[in-house]
Amino acid sequence: MNRIAYYNTDIELCELLVGRFFQTPHSDENLAVALGSTADIHPSLSRRVNSRNSKNICGNHLKSTLYAAFIKDLFEDFSAFISDTMTKAALAGIDPARFVGEIRLDLHAADILATGNWDAAVRLVSDAIFRKLENERNTKELLRKASARLGLALDQNVLNGAMPYLDARHILVHRDGRVDDLYVADYPQIQVREGKIATNYQFVGDARRAVDALARHIDERVIAANLVRNQDMSGRRQ
């Protein structure tokens, strides 16, 4: 989950810069001029007055946009982590019948032969299985089936702790953050403001901690079950 480390810095920097932006003196100038620019260079800012309300709107929208991007990338990095975990487990020698389960794959012989070696062929099959699971567009079900294929028996409390933030990605991407009744019912602990997920500094901090805890928990179970080869241990959470 390498991109998230960069986002941590981005979020902290945004908090500091926007905080200082809020503290700058108000005036009758437009924001572009007040910040040392011109209307030609920053035309959108020039259309906003350098008032408390205007700065609140601009600054809070910037933070909200960055926070939403963080949640989306957090989900994508976690999905890549699950896919990679499944591949490494398959390479370690997991029961093929349990790993494949009920899934039927349509792989061409030419594609398999083109991989060139056993590891690459296993990765091809594992990636195809993961895409089948991913197509269900139900993150909790994807994790349940991935866990079953690997025999991990994940702690339900750790899983439940991460689910509000993993499911938030769908809400942010497809509904512009506007929650539905199911999300509200499933995750009453998540703050909602004007019908939308309150993507604030607290929310992204909680998301980072909860999803990281789940990833570490999965790693622990995978390593304990000897589902990762020594040569594949690099980068795993220990």
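Select Asp176 first, in the loop between helix H9 (156-174) and helix H10 (181-186); helices are DSSP runs of H or I with at least four residues, strands are runs of E with at least two, and both are numbered from the N terminus. The phi of Asp176 is near 55°, a positive value in a residue other than glycine. Asp176 counts as exposed because its relative accessibility is 55%, where exposed means over 50% relative accessible area, buried under 20% and partly exposed in between (1.4 Å probe, protein chains only).

The model is predicted: local features need pLDDT of at least 70, side-chain atom pairs count only at pLDDT 80 or more, and totals for chains, interfaces and linings use all residues. Residues are numbered from 1 along each chain as its sequence is written, and side-chain values use heavy atoms, with hydrogens and water left out.

Move next to Glu194, in the loop between strand S1 (192-193) and strand S2 (196-197). Glu194 is not a glycine, yet its phi is positive, near 55°. With a relative accessible area of 73%, Glu194 is exposed.

Now display the rings of Tyr183 and Tyr187. The structure holds 4 aromatic pairs, a pair being rings of Phe, Tyr or Trp (its six-membered ring) with centres within 6.5 Å; planes under 30 degrees apart count as stacked, over 60 as edge-to-face and the rest as tilted. The ring centres of Tyr183 and Tyr187 are 4.9 Å apart and the planes stand at 70°, so this pair is edge-to-face. Both tyrosines, Tyr183 and Tyr187, are buried.

Select helix H8 (residues 139-150) together with the residues at its ends. Asn138 caps the N-terminal end of H8, with a side-chain oxygen 3.3 Å from the backbone nitrogen of Lys140. After H8 comes Gly151, which has a positive phi near 65°. The 12 residues of H8 should span 16 Å at 1.5 Å a residue, and the end C-alpha atoms are indeed 16 Å apart; the expected span is 1.5 Å times one less than the number of residues. Buried residues of H8 include Leu142, Leu143, Ala146 and Leu150, and also Lys145 and Arg149.

Helix H7 (residues 118-134) allows the same check: its 17 residues should span 24 Å, in agreement with end C-alpha atoms 24 Å apart. Among the buried residues of H7 are Val122, Ile129, Phe130 and Leu133.

Colour the largest nonpolar core next. Such a core is a set of buried Ala, Val, Leu, Ile, Met, Phe, Trp, Tyr and Cys residues joined through side-chain atoms within 4.5 Å. Of its 51 residues, Phe78, Ile82, Leu143, Leu166 and Ile218 touch the most other members. Helix H1 (2-23), helix H4 (52-92), H7, H8, H9 and helix H11 (201-224) each give two or more residues to this core, and H4 gives the most, with 12 residues.

Which cysteine sulfur is nearest to that of Cys14? The sulfur of Cys58 is, at 12 Å, and Cys14 is in no disulfide. The structure holds 0 disulfides, a disulfide being a pair of cysteine sulfur atoms within 2.5 Å. Cys14 is buried, with a relative accessible area of 7%.

End the tour at Gln231, in the segment after H11. Gln231 is exposed, at 56% relative accessible area. Lys88 and Gln231 are 143 residues apart in sequence, and their C-alpha atoms are 9.9 Å apart in space.

Terms used
Polar contact = N/O pair within 3.5 Å; in protein donor to acceptor, adjacent residues only side chain to side chain.
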